[in-house]
Amino acid sequence: EKFPLTNWLGTEYRYNVGYNWRAGPLEKDPSLKLGNIIQNTQEQALSGRIDMVKLYNKIGFLKGVNTPKRPPAPTAAQNKPTQPDTVRRPPDLKLVKGVLRLIMSLRNITGTYTITQGTILPGFTPDPYLFGLGKGWGAPGWGFVLGQQKSDFQVEAGKNGWLSTSKRLTTPYTQNQMKDLGLRASLEPSNDFKIQLDIKKNSVTSFQEIYRIDSTGSFYESLGPSRVGSYKISTLTINTAFKNNESLTSTVFKQFEENISLLQDRFTRVTGNSYETKSQDILIPAFIAAYTGKSAETVNLSPFPQIPIPNWRFDYTGLGKIEALKDVFQSITINHAYNSSYSVVNYSNSLEYNNVALSNPIADYNNGLFASQTNASGELIPVYIISQVMISEQFAPLVGVNFRTRKKLNFRFEYKTRRDLALNISNAQITELNSKDWSVDLGYTKNNMRLPLKSQGRVITLKNDITFQLNMSIT
């Protein structure tokens with residue numbers, strides 16, 4: 001942002017790390033010497049801003065469109081009786097400027113992306129000497145001390161002889177990871193009409209396993225590797241927001257039922273395996289397709305969709321500039337906002353699958369990584385067990401009106417709706433909760449109010465303001 005050519009770009013990157021060594025029990029018996037515990041943390045945060053107005057203004061004509069000159073004050077010469085004007089003037093470019101202003105609606109883009117990770121390794125035998133490293137400057141290595149995350153670091157530590165040889169070690173090797181993405185774009189088709197677009201994505205996951213010497217004392221083995229986590233992403237479900245949903249029937253739910261057989265056929269074509277109707281691999285994409293209004297033939301098969309879809313907010317203030325309303329209203333604002341998100345409440349890996357380290361993206365599930373193991377009944381076992389997925393949709397508000405008169409009367413009205421959908425995998429049941437509410441706020445401010453009270457023959461006048469406020473809402 002310091003260079004004239006790229007001053008419309010701004011970014012900041014932060015990298016924070018931590019290293020911790022905790023002493024273990026000082027036992028002389030090798031079978032009880034469990035070793036020490038080392039832990040590192042790493043946080044990376046990238047934030048940026050793209051100022052599109054600065055980019056547009058690098059062209060002189062566009063700069064004039066974005067910052068029009070104020071009309072000059074009338075002079076004495078201009079107040080004289082007008083004479084026929086024979087001077088040629090440049091053509092009126094009002095229409096052209098209006099079109100260019102519309103093309104330049106995108107004003108700025110801001111975003112943040114944060115990754116927080118950490119590793120805990122128990123059974124570590126070396127002691128720290130300088131900078132957290134052992135006397136040989138090798139254990140646990142500069143990479144680990146400076147926050148490096150390796151999915152097989154425990155294997156590396158075992159090969160280097162850094163781990164305890166006790167068969168009684170039960171503290172798990174752990175890796176945690178959190179990723180959070182947020183992007184926002186501001187659009188202004190006109191000075192009175194503002195649009196805000198937001199996309200969000202968040203994932204939290206953790207990997208654990210017992211990593212210790214085997215019963216023969218000849219090699220280190222992995223016991224009970226497990227991965228758990230949650231996932232949330234912004235989505236778009238407005239296609240079904242206003243569908244007819246009566247007390248006992250739902251057109252969207254009927255579509256969900258139809259999607260099940262379609263997705264069974266689709267999974268069979270892709271994998272060559274047969275799936276049960278109540279398999280989570282079938283139910284979740286059928287649920288997503290039905291309530292987002294997508295086709296079951298094109299919806300992503302993974303329960304972890306990767307691409308977030310923007311939500312929005314609209315604000316319009318142009319009504320206050322209408323000549324007929326100017327004298328009465330100081331400001332009039334109409335607003336509308338929409339938010340929708342899809343989330344996997346929690347997931348964990350099936351014990352039949354061991355390759356579940358954090359280095360394997362969760363989005364690969366049913367997107368290249370399909371179920372391959374079966375249970376005693378011959379049913380396919382999912383790679384990740386998901387108990388519940390949810391869709392939450394809000395119009396907050398669907399319609400909102402806010403105005404202030406020149407006599408300091410404030411009025412605000414908002415009508416909001418909310419829809420929460422939960423698919424419980426255990427019983428293949430969808431729970432739908434709908435709510436609607438409206439609220440009215442009415443306020444009035446009186447300056448220097450004169451009270452109907454007299455003191456020593458004069459009416460009392462308050463020097464401060466009196467504000468009356470009335471709030472009503474129904475849900």
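Strands count as paired where DSSP finds at least two bridges between them. Helices (H or I, at least four residues) and strands (E, at least two) are DSSP runs, numbered from the N terminus. The model is predicted: local features need pLDDT of at least 70 and side-chain atom pairs pLDDT 80 or more, while totals for chains, interfaces and linings use all residues. Numbering starts from 1 along each chain as its sequence is written, and side-chain values use heavy atoms, without hydrogens or water.

**View 1. Strand E6 pairs with E5 and with E8.** E5 covers residues 193-213 and E6 covers residues 220-234. These two strands run antiparallel and are joined by 12 bridges. Phe 207 faces Arg 227 of E6 across the pair. E5 and E6 make a hairpin, with 6 residues between them. Gly 217 sits in that turn and has a positive phi of about 75°. E6 also runs antiparallel to E8 (residues 329-349), through 6 bridges. Follow E6 to Tyr 231: its bridge partner in E8 is Val 344.

**View 2. The largest nonpolar core has 55 residues.** Such a core is a set of buried Ala, Val, Leu, Ile, Met, Phe, Trp, Tyr and Cys residues joined through side-chain atoms within 4.5 Å. Buried means under 20% relative accessible area; exposed is over 50% and partly exposed lies in between (1.4 Å probe, protein chains only). Phe 256, Phe 287 and Leu 423 have the most contacts inside this core. Its largest share, 9 residues, comes from helix H7. A second, separate core has 5 residues, among them Tyr 56, Leu 62, Val 65 and Met 104.

**View 3. Leu 423 touches both Phe 256 and Phe 287.** Contact here means heavy atoms within 4.5 Å, and residues up to four places away in sequence are not counted. Leu 283 and Ile 284 also touch Leu 423. Further partners are Ser 387, Gln 388 and Val 389. Gln 429 and Ile 430 complete the list.

**View 4. Helix H7 is largely enclosed by the rest of the structure, since 13 of its 13 residues are buried.** H7 spans residues 280-292. From first C-alpha to last it reaches 18 Å, close to the expected 18 Å. The expected span is 1.5 Å times one less than the number of residues. Gly 293 follows H7, and its phi is positive, near 80°.

**View 5. Helix H6 has a kink of about 25°, centred on Asn 259.** The bend at a residue is the angle between axes fitted to the seven residues ending there and the seven starting there. H6 runs over residues 251-271. Its 21 residues should span 30 Å, and its end C-alpha atoms are 30 Å apart, so the two values agree. Val 252, Phe 256, Asn 259, Ile 260, Leu 263, Gln 264, Arg 266 and Phe 267 are the buried residues of H6. They pack against H7, strand E10 (409-424) and strand E11 (429-446). Gly 272 follows the helix with a positive phi, near 80°.

**View 6. Asn 259 of H6 is buried, with a relative accessible area of 1%.** The side chain of Asn 259 reaches the backbone oxygen of Ala 286 at 3.3 Å. That is a polar contact: a pair of N or O atoms within 3.5 Å, where within protein one must be able to donate a hydrogen and the other to accept it, and residues adjacent in sequence count only if both atoms are side-chain atoms. Asn 259 touches Ala 286, Ala 289, Ala 290 and Ala 296, leaving out residues up to four places away in sequence.

**View 7. Thr 271 in helix H6 is partly exposed, at 22% relative accessible area.** Its side chain reaches the backbone nitrogen of Asn 273 at 3.2 Å. Tyr 353 lies 82 residues away along the chain, and its C-alpha is separated from that of Thr 271 by 18 Å.

**View 8. Thr 119 in strand E3 is buried, with a relative accessible area of 1%.** E3 covers residues 106-124. The side chains of Thr 119 and Gln 149 are joined by a polar contact of 2.6 Å. Ile 38, Gln 39 and Asn 40 touch Thr 119. So do Phe 144, Gln 149, Tyr 173, Thr 174 and Gln 175; again, residues up to four places away in sequence are not counted.

**View 9. Gly 48 in strand E2 is partly exposed, at 28% relative accessibility.** E2 covers residues 36-51. Gly 48 touches Gly 10, Thr 11, Ile 109, Thr 110 and Gly 111, not counting residues up to four places away in sequence. Leu 183 is 135 residues from Gly 48 in sequence and 9.5 Å away in space, C-alpha to C-alpha.
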